[in-house]
Amino acid sequence: MSDIYKDAGVDVHAGYQAVDLMKKHIAKTNRPEVIGGVGAFAGLFDLSKFSYEEPVLVSGTDGVGTKLKLAFAMDKHDSVGVDLVAMCVNDIVAQGAEPLFFLDYIACGKNQPEKIEQIVKGITDGCVQSNTALIGGETAEMPGMYEENEYDLAGFVVGIADKKQIITGESINPGDKIIGLASSGVHSNGFSLVRKIINDNGLSYQDDIKELSTTLGEALLEPTKIYTNAIQQLKSDLTIKGISHVTGGGFYENLPPRALPANLGVAIKKDSWQKPAIFAYLQQQASLKEEDMYGVFNMGGIGMAVIVEAHEADMALQLLADIGEEAYVIGEVTEEAGGVKFLND
């Protein structure tokens, strides 16, 4: 083949090499329902084995945002793939769905096969964590659109739920308890502010931070936690009345507006969970108000909130502890419409 396309900045042979490097990672995500392999024009997934009375497909799409800038700076590209899966999967899990399959889209300035392999390895790690098959994707080399060492990621997930088991929050009542599932760190929101804090304070991602027991960059790149197993464990033994994936906007934008009926609110006990050290460090560096910490970041250590009846709260904590999940009763539902009240004790 002529090198005329390569001279324009697109190396199709590098694309073929990247696909070959991906295959061993993608194979780890296979489920029995997957038909065919990598390389076809479309991914195929057989739904005939499912026995739902009223099956509903549940879908979600998302990206990683400016957290990618940290991956570029650190030249570390596997963890953001986990973030990509987590941001998509956690959203559909919050509706009560079982994730089935995932598609990825990678756009880059230059196709560097080893780097693409690391990204896809992270994506497959996230798929394995969530029992989701990676059945297809696209890697687009786009010189002139992206810098040579930059890329962007997008993901798309499809899950399934029985119609009667979709979690809508409609049955939530005042007095129901809120179970907070611990985060792994900052997750994938608020990184425009994180980068501003770092720039304004003359910090470096390579700085060893004593209170973090690692470099600043490594602490910030900690991948987003995936909650599929935790929610499946709870669903098997009790009734989940509502779920909130605590992403951008913290509890202010994710609990009352998205997971509760409009006539209800929440009361949150601020000191009822352990907060990763990275949050105190960022707050100190930027002199951020407490309201900003709760509104910009994922509540300082809570990545997902689950609402159950009060008498099932202790059972929920035990079920989560049995699979190694860190969780706390962090508050309860109130009659204050759309409100979030923070309590000191």
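**Overall fold, domains and nonpolar cores**

Among the contacts in the protein chain that link residues at least 6 apart in sequence, 85% join residues that are at least 24 apart. The model described here is a predicted one, and its protein chain contains 13 helices and 14 strands. The radius of gyration of this chain is 21 Å, close to the 20 Å given by the globule rule for 345 residues, and the chain is therefore as compact as a globular protein of that length. Taken along the principal axes, the C-alpha atoms fill a box of roughly 70 × 55 × 35 Å. Of the 345 residues, 50% count as buried, while the accessible surface of the chain comes to about 15800 Å², with 48% of that surface belonging to carbon and sulfur atoms.

The domain assignment divides the protein chain into domain 1, residues 2–165, and domain 2, residues 176–343. The centres of domain 1 and domain 2, taken over C-alpha atoms, are separated by 26 Å, and the contact between them takes 28 residues from domain 1 and 28 residues from domain 2. For residues 56–161, an unreviewed UniProt entry lists the feature "domain: PurM-like N-terminal". Over residues 56–161 the chain is 37% helix and 37% strand, and the C-alpha atoms at the two ends of this stretch are 5 Å apart.

The largest nonpolar core has 72 residues, and those with the most contacts inside it are Phe-102, Tyr-151, Leu-153, Ile-179, Leu-220, Ile-278 and Val-306. Helix H4, which spans residues 79–93, supplies the largest share of this core, namely nine residues. Because domain 1 (2–165) and domain 2 (176–343) both give residues to this core, it lies between them. When residues up to four places away in sequence are not counted, Ile-278 touches Val-186, Leu-212, Leu-216, Ala-219 and Leu-220. A second core, separate from the largest one, is made up of 20 residues, including Ile-178, Ala-182, Val-266 and Val-333.

Helix H4 also holds Asn-90, a residue that counts as buried because its relative accessibility is 0%, where the cut-off for a buried residue is under 20% relative accessible area. Leaving aside neighbours within four places in sequence, Asn-90 is in contact with Thr-224, Lys-225, Ile-226, Tyr-227, His-245 and Met-304.

Two further residues illustrate partial exposure. Lys-110 lies in the loop between strand S4 (98–108) and helix H5 (113–129), and with a relative accessible area of 37% this residue is partly exposed. Not counting residues up to four places away in sequence, Lys-110 touches Glu-141 and Glu-148. In contrast to these contacts, Lys-110 and Glu-290 are 42 Å apart in space, C-alpha to C-alpha, and 180 residues apart in sequence. Asp-3 lies in the segment before helix H1 (4–7), and it is likewise partly exposed, with a relative accessible area of 45%. The C-alpha atom of Asp-3 is separated by 63 Å from that of Leu-264, a residue 261 places away along the chain.

Definitions and conventions
Residues numbered from 1 in each chain as written. Predicted model: local features only at pLDDT ≥ 70, side-chain atom pairs only at ≥ 80, totals over all residues. Heavy atoms only, no water. UniProt positions renumbered as here; feature names shortened; annotations may be inferred. Helix = DSSP H or I, 4+ residues; strand = E, 2+ residues; numbered from the N terminus. Core = buried A, V, L, I, M, F, W, Y, C linked by side-chain atoms within 4.5 Å. Buried < 20%, exposed > 50% of the residue type's maximum accessible area, 1.4 Å probe, protein only. Domains from an automatic or database assignment. Contact = heavy atoms within 4.5 Å. Rg over C-alpha atoms; globule rule 2.2 N^0.38 Å. Areas by Shrake-Rupley, 256 points an atom, 1.4 Å probe, with all protein chains shown as cover.
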